[in-house]
Amino acid sequence: MEEQREYKIEQNGPFFKISGSMNTQAAEELSCRMSNDGTINTVDFDLVMEISFAALRSLLRARNSGKKFYIINASSKVLEKFEDSGVSFYINICRKPGLLELEKFKEFGASYMSTAFNSEDGDSIIKVYDGRVPKEHVAKEQMIARAVMLFGIPTPLVGSITKNGEKTSIEFERITGKRSFSRIISEEPERLEEITIRFARMCKELHSKPCDTTIFNDRRMVYKSCIEAATCITSQQRSKALAFIESIPKATTCLHGDMQLSNVITTGKEDLWIDLADFGYGYFMLDMGMWYFLSNLILEKNCINLFHMDKAHMRRCWEVFVKEYFKARTQHEMDDIEKEVEKYAALHMLFLGLSFGFEQGMMEYINEKLF
């Protein structure tokens, strides 16, 4: 009888939306259609009414076969079945968002895609995303933040997702007395070298840690999927970008994905990584490309908004970082490192531009360094 229940699977790349009852047939079809190239698949259960034990077993088999996926928008009934059966220990699943009561929070900061608010009781903060951020990206950040904490990376605890109209948020533990590394440098510029060296050592430690490849993304595949699907670049540009990705050495050590000074917070006694939506694994230079882009190539106004510093100070941070991370001692060594990093920065800029739109000067740099 169970297999006669109706269901529907809609697919858009690695994003799947399931409707109806989740039975064995639906689970097996979903498994067959999911990517198996290292990309994490998103499965939206917003319209799933129930799930059978046979379907749970099929999803476990898919996970054990190497398929990477997480489930968003699960109803209380479906979530309970995952939790009661223990399957939620192996498969990440996020409940449907609750109601965002923004009046209970006070704004204290902003970034490219979100605004941060403190709770009235001081126990938590919420990160409220603007309308450009897809709901699957929000759910992914919650899932990754939880997985990173369980993996042993120092990071604040993560809470629930809430929504009110177009505004979606994630709740996080508030770390009392914290400041970001970029905030410390901006407020105490005499500590620039000390804090940047500390940052470089944290990055070095992260990049030497083997990653759990059964949970997290291969960052090369994230870039590859985005570029393959792009319609606003020429076939020649696509071919050159994909050829560069193929040339990147394979690695299974940890990457932050958004490695920069604002994404480490400290109490003075404990340093924690934050903003972990793009955490994954791969060659360490992929993280360097992001860090070089932010420390050298963004617009002055964006630099001041994000880091509370002008570009001259950020350039100095980059130079101190290179000397510590790479143990570079001469200008020639630093120049060689920078020349290599520029290609990875161009790749990351292409990814950002294709995902969120190109800003002034981005395509010119990409054309020069990558195409």
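**Charge, fold and selected residues of a predicted model**

The protein carries 48 positive and 54 negative side chains, and the centres of these two sets lie 2 Å apart. These values, like those that follow, come from a predicted model.

The overall fold can be described next. The protein contains 13 helices and 17 strands. Its C-alpha trace extends over about 75 × 55 × 35 Å along the principal axes. For 371 residues, a compact globule would be expected to have a radius of gyration near 21 Å, and the 21 Å found for the protein agrees with this. Of the 371 residues, 51% count as buried. The accessible surface of the protein comes to about 17,400 Å², and carbon and sulfur atoms account for 49% of that area. Contacts also show how the chain folds back on itself: among those between residues at least 6 apart in sequence, 65% join residues at least 24 apart.

Helix H4, which covers residues 135-151, offers a good place to look at individual side chains. Two of its residues are glutamine 142 and valine 138. Valine 138 counts as buried because its relative accessibility is 1%, below the limit of 20% used for that class. Setting aside residues up to four places away in sequence, valine 138 touches Tyr129, Val133, Ile161, Thr168 and Ile170. The C-alpha atoms of valine 138 and serine 169 are separated by 7.5 Å, although the two residues are 31 residues apart along the chain.

Glutamine 142 has a relative accessibility of 8%, and therefore counts as buried too. Which residues does glutamine 142 touch, not counting those up to four places away in sequence? They are Cys94, Val158, Gly159, Ser160, Ile161 and Ile170. With glycine 159 there is a polar pairing to look for in the structure: a polar atom of the glutamine 142 side chain lies 2.9 Å from the backbone oxygen of glycine 159. Ile161 and Ile170 appear among the contacts of glutamine 142 and also among those of valine 138.

Another buried residue is found in helix H5, which spans residues 181-187 and includes isoleucine 184. At 3% relative accessibility, isoleucine 184 falls into the buried class. Leaving aside neighbours within four places in sequence, isoleucine 184 is in contact with Arg179, Arg191, Ile195 and Thr266. Threonine 162 lies 22 residues from isoleucine 184 along the chain, and the C-alpha atoms of the two are separated by 31 Å.

The backbone also deserves a look, this time in the loops. Most residues other than glycine have a negative phi. Against that background, which sign does phi take in histidine 308? Phi of histidine 308 is positive, near 65°. Histidine 308 sits in the loop between helix H10 (300-307) and helix H11 (311-325). With a relative accessible area of 31%, histidine 308 is partly exposed.

Lysine 327 likewise has a positive phi, near 55°, in a residue other than glycine. The loop that holds lysine 327 runs between H11 and helix H12 (331-356). Is lysine 327 buried or partly exposed? Its relative accessibility of 45% places lysine 327 in the partly exposed class, which means a value between the 20% and 50% limits.

Technical notes:
Residues are numbered from 1 along each chain as its sequence is written. This is a predicted model: local features need pLDDT of at least 70, side-chain atom pairs count only at pLDDT 80 or more; totals for chains, interfaces and linings use all residues. Side-chain values use heavy atoms; hydrogens and water are left out. Helices (H or I, at least four residues) and strands (E, at least two) are DSSP runs, numbered from the N terminus. The radius of gyration is taken over C-alpha atoms; the globule rule is 2.2 Å times the number of residues to the power 0.38. Buried means under 20% relative accessible area, exposed over 50%, partly exposed in between (1.4 Å probe, protein chains only). Contact means heavy atoms within 4.5 Å. Accessible areas come from the Shrake-Rupley method with a 1.4 Å probe; for residues, only the protein chains shown count as cover. Lys and Arg count as positive and Asp and Glu as negative; His and the chain ends are not counted. The place of a charge is taken as NZ of Lys, CZ of Arg, CG of Asp or CD of Glu. A polar contact is a pair of N or O atoms within 3.5 Å; within protein, one must be able to donate a hydrogen and the other to accept it, and residues adjacent in sequence count only if both atoms are side-chain atoms.
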